[in-house]
Amino acid sequence: MLVFDYQTESGSTIKDRINIVNASEAAVRIGKAALGKIAQSTGINGALMSTDVLFGRPFEIKVIVDSFKNDKGEDIPKNDIKDYRAVQAKVNTKPASTDGW
């Protein structure tokens with residue numbers, strides 16, 4: 001299992017657990033697909049021979065807040081990562097300063 005820790009803009013951390021070795025073929029297929037999306041979002045195309053090449057490469061995640069019921073039947077919120085993408089450039093909407101002209 002691979003575990004990624006993502007830092008949010010507010011300073012909290014979101015964990016992503018990806019199965020690439022598991023008895024369930026479905027879990028492995030889902031894990032490899034997620035890992036492939038992460039690699040692609042960081043500019044790595046083709047076969048990923050080692051996850052070491054992902055260290056330090058920025059990418060963004062799409063997170064939705066979902067919930068599940070605990071043993072007592074209470075709704076507990078949880079983060080669910082839905083997608084991965086390349087880092088989008090932040091556009092500065094303020095006009096450039098004209099000081100000095």
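# Exercises on a predicted protein model

Of the 101 residues of the protein chain, 20% count as buried (under 20% relative accessible area with a 1.4 Å probe, protein chains only; exposed means over 50%, partly exposed in between). This is a predicted model, in which local features need pLDDT of at least 70, side-chain atom pairs count only at pLDDT 80 or more, and totals for chains, interfaces and linings use all residues. Residues are numbered from 1 along each chain as its sequence is written, and side-chain values use heavy atoms, leaving out hydrogens and water.

## Exercise 1: the elements

Find the order of the elements along the protein chain.

**Solution.** Start with the inventory: the protein chain has one helix and four strands (DSSP runs numbered from the N terminus, H or I of at least four residues for helices, E of at least two for strands). Now read from the N terminus on, and you get β-β-α-β-β.

## Exercise 2: the two faces of helix 1

Work out which residues of helix 1 are buried and which exposed residues lie on the face turned away from them.

**Solution.** Step one is to locate helix 1: it covers residues 25-41, 17 residues in total, and reaches 24 Å from its first C-alpha to its last, close to the expected 24 Å (1.5 Å times one less than the number of residues).

Step two is to list its buried residues, which are Val28, Gly31, Ala34, Leu35, Ile38, Ala39 and Ser41. They lie on the same side of helix 1 because they cover an arc of only 170° around the axis (taken from the directions from the helix axis to the C-beta atoms). An α-helix has 3.6 residues a turn, so residues three or four places apart point the same way.

Step three is to turn to the other face, where the exposed residues are Glu25, Arg29, Ile30, Lys32 and Gln40.

Finally, look for the packing partners: the buried residues of helix 1 pack against strand 1 (2-7), strand 2 (13-18) and strand 4 (75-85). Just after helix 1, Gly43 has a positive phi of about 95°.

## Exercise 3: residue classes in a lining

Sort the residues that line the largest pocket by class.

**Solution.** Here nonpolar means Ala, Val, Leu, Ile, Met, Phe, Trp, Tyr, Cys and Pro, charged means Asp, Glu, Lys and Arg, and the others, Gly among them, are polar. Counting gives eight nonpolar, four polar and seven charged residues in the lining of the largest pocket (a pocket is an open set of points on a 1 Å grid over the protein atoms alone where a 1.4 Å probe fits, with protein on both sides within 12 Å along at least five of seven lines; lining residues have an atom within 4 Å of a point).

Definitions and conventions. Contact means heavy atoms within 4.5 Å.
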